[in-house]
Amino acid sequence: MADDPSLTAHQHNRRNYALILFALATGGFAIGTSEFAMMGLMPSLVDGFGITEPQVGHLISAYALGVVVGAPLLAILGARVPRRSLLLVLMAFYALANLATAFAPNYHAMLAFRFIAGLPHGAYFGVAMLVAASIGGPGQRGAAISRVMLGLSIAILVGNPLATWLGQELSWRYTFALVAAVAVLTVALVARWLTHDPSEPRQTPLREMRAFNTSQVWLTLLIGAIGFAGMFCAFSYLAPTLTAVTGTSDGWIPIAMGVFGVGSIIGNLAGGWLVDRLHFRAAAVILSWSALVLLVYPLAAHSLWTMLPAVVAVGTMGALAPVLQTRLMDVAGEAQTLAAASNHAAFNAANALGPWLGGLAISAGFGWTSTGYVGAATAVGGLLVYAWARRDERRAGVLDAA
């Protein structure tokens with residue numbers, strides 16, 4: 001019996017859908033490995049440059065600030081550029097910036113290169129999320145977005161422990177050379193599998209900026225910037241917390257990074273599932289969970305066998321990302337590219353805020369575990385902004401209360 005043409009076409013479309021998401025997720029893997037590698041490489045960088053742990057925290061913040069600056073700027077500049085072409089340019093730039101990081105001659109050059117490497121991060125993820133949502137179909141946006149974000153989660157599970165191991169056994173420089181290679185692979189995969197869509201919406205930079213300037217967009221971004229800071233606050237100082245408080249050897253650091261990655265994958269998939277069912281209410285659920293986890297974290301830090309489950313739980317806080325990404329698609333109107341990119345700027349504002357606040361608490365003598373309490377406070381702050389957003393929504397009648 002001959003094959004059913006409609007079935008064959010469906011299988012072809014599903015295959016193309018999976019390949020496109022894989023290509024986009026590969027870019028997420030490169031970005032996730034580069035972004036989170038600094039946490040596991042902290043001891044290697046302290047020894048290599050002769051600096052302190054809080055100074056490594058400044059390297060983390062420099063990258064995050066690059067995302068904050070680059071995400072809206074590149075989204076505006078790329079408003080007229082086809083999404084496929086923009087993704088290729090952004091990831092090629094990312095490859096070059098990470099290669100430069102690998103050859104940084106000193107700490108101050110490293111600061112500059114980390115800032116530059118952060119510039120395309122948010123715009124890449126923003127455009128990738130729009131592509132994923134457009135091919136995911138109605139009712140599946142959260143799932144499609146979470147699959148692209150899965151690349152970042154797998155980076156935490158696999159790429160980050162590998163980066164830590166490379167830093168311990170060879171040099172931290174090999175980590176960023178590896179990231180550059182994966183970024184080049186992403187360029188090849190996107191060029192091969194993602195075709196130009198002549199029907200995709202185009203906006204002018206001015207129209208995007210006008211549509212972007214609404215209270216619901218800004219409040220959603222503020223939830224991410226404040227509420228997500230707690231995860232970065234705890235995770236940024238995980239390596240020294242393990243050695244100084246838990247009492248483990250350096251060999252446990254890559255394992256803990258992988259354990260965090262397990263939590264990140266769970267959280268990413270859960271976030272996609274929650275947002276497709278609870279919509280914006282999912283943010284309140286995740287922020288409440290985050291506050292609880294971070295309050296328990298300092299108590300769990302004194303034993304390896306309680307610390308590892310706590311690290312998994314901290315990783316699940318990443319569930320907030322697909323929730324806020326989907327929310328922005330609902331409230332951003334004609335500013336889809338700018339809002340999607342700015343979501344990652346907000347998260348990296350959290351990535352700058354969290355390590356900075358944690359570093360202040362540590363430098364003030366409150367100890368490594370104080371990052372949990374500081375992080376819990378930011379999660380509560382995110383809940384307060386969520387309540388503000390819901391009140392503003394009800395008053396203005398922007399969206400259906402569901």
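**Notes on the predicted model**

1. Start with the tail: over residues 398-402 the pLDDT (the predictor's confidence in each residue, from 0 to 100) stays under 50, and the model has twelve contacts there beyond four places in sequence, a contact being heavy atoms within 4.5 Å. At the other end, residues 1-12 also stay under 50, with one contact beyond four places in sequence.

2. Some bookkeeping before going on. This is a predicted model, in which local features need pLDDT of at least 70 and side-chain atom pairs count only at pLDDT 80 or more, while totals for chains, interfaces and linings use all residues. Residues are numbered from 1 along each chain as its sequence is written, and side-chain values use heavy atoms, with hydrogens and water left out.

3. On confidence overall, the protein averages a pLDDT of 83, and 90% of the residues score at least 70. Among the elements, helix H14 (residues 281-300) has the highest mean, 94, and helix H9 (residues 205-212) the lowest, 70. Helices here are DSSP runs (H or I, at least four residues; strands are E, at least two), numbered from the N terminus.

4. Now the charges. The model has three salt bridges, taking a salt bridge as a side-chain nitrogen of Lys or Arg within 4 Å of a carboxyl oxygen of Asp or Glu. One joins glutamate 393 to arginine 327, at 3.0 Å from N to O. That pair links distant parts of the chain, 66 residues apart: glutamate 393 sits in helix H18 (residues 370-396) and arginine 327 in helix H16 (residues 320-331).

5. How exposed are those two? Glutamate 393 counts as buried because its relative accessibility is 2%, and arginine 327 counts as buried at 5%. The cut-offs are under 20% relative accessible area for buried, over 50% for exposed and partly exposed in between, using a 1.4 Å probe and protein chains only.

6. Glutamate 393 has a second partner, arginine 390, with the closest N and O atoms 3.0 Å apart. Arginine 390 and glutamate 393 are three residues apart in H18, so about one helical turn separates them. Both are buried. Arg327, Arg390 and Glu393 are thus linked in a network of salt bridges.

7. Aspartate 392 and arginine 395 make another salt bridge, at 3.1 Å from N to O. They too lie three residues apart in H18, about one helical turn. Aspartate 392 is buried at 8%, whereas arginine 395 is exposed at 58%.

8. Helix H3 (residues 53-77) is worth a look. Its 25 residues should span 36 Å at 1.5 Å a residue, and the end C-alpha atoms are 36 Å apart, so the two agree; the expected span is 1.5 Å times one less than the number of residues. H3 still bends by about 30° at glycine 70, with proline 72 following within four residues. The bend is the angle between axes fitted to the seven residues ending at a residue and the seven starting there.

9. Serine 342, in helix H17 (residues 336-363), counts as buried at 6%. Leaving out residues up to four places away in sequence, serine 342 touches Ala71, Pro72, Phe212 and Leu221.

10. Finally, the packing. The largest nonpolar core (buried Ala, Val, Leu, Ile, Met, Phe, Trp, Tyr and Cys residues joined through side-chain atoms within 4.5 Å) has 112 residues, with Leu45, Leu87, Met110 and Leu238 making the most contacts inside it. Helix H1 (residues 5-40) gives the most to this core, eleven residues. Another core, of 15 residues, lies apart from it and includes Val331 and Leu338.
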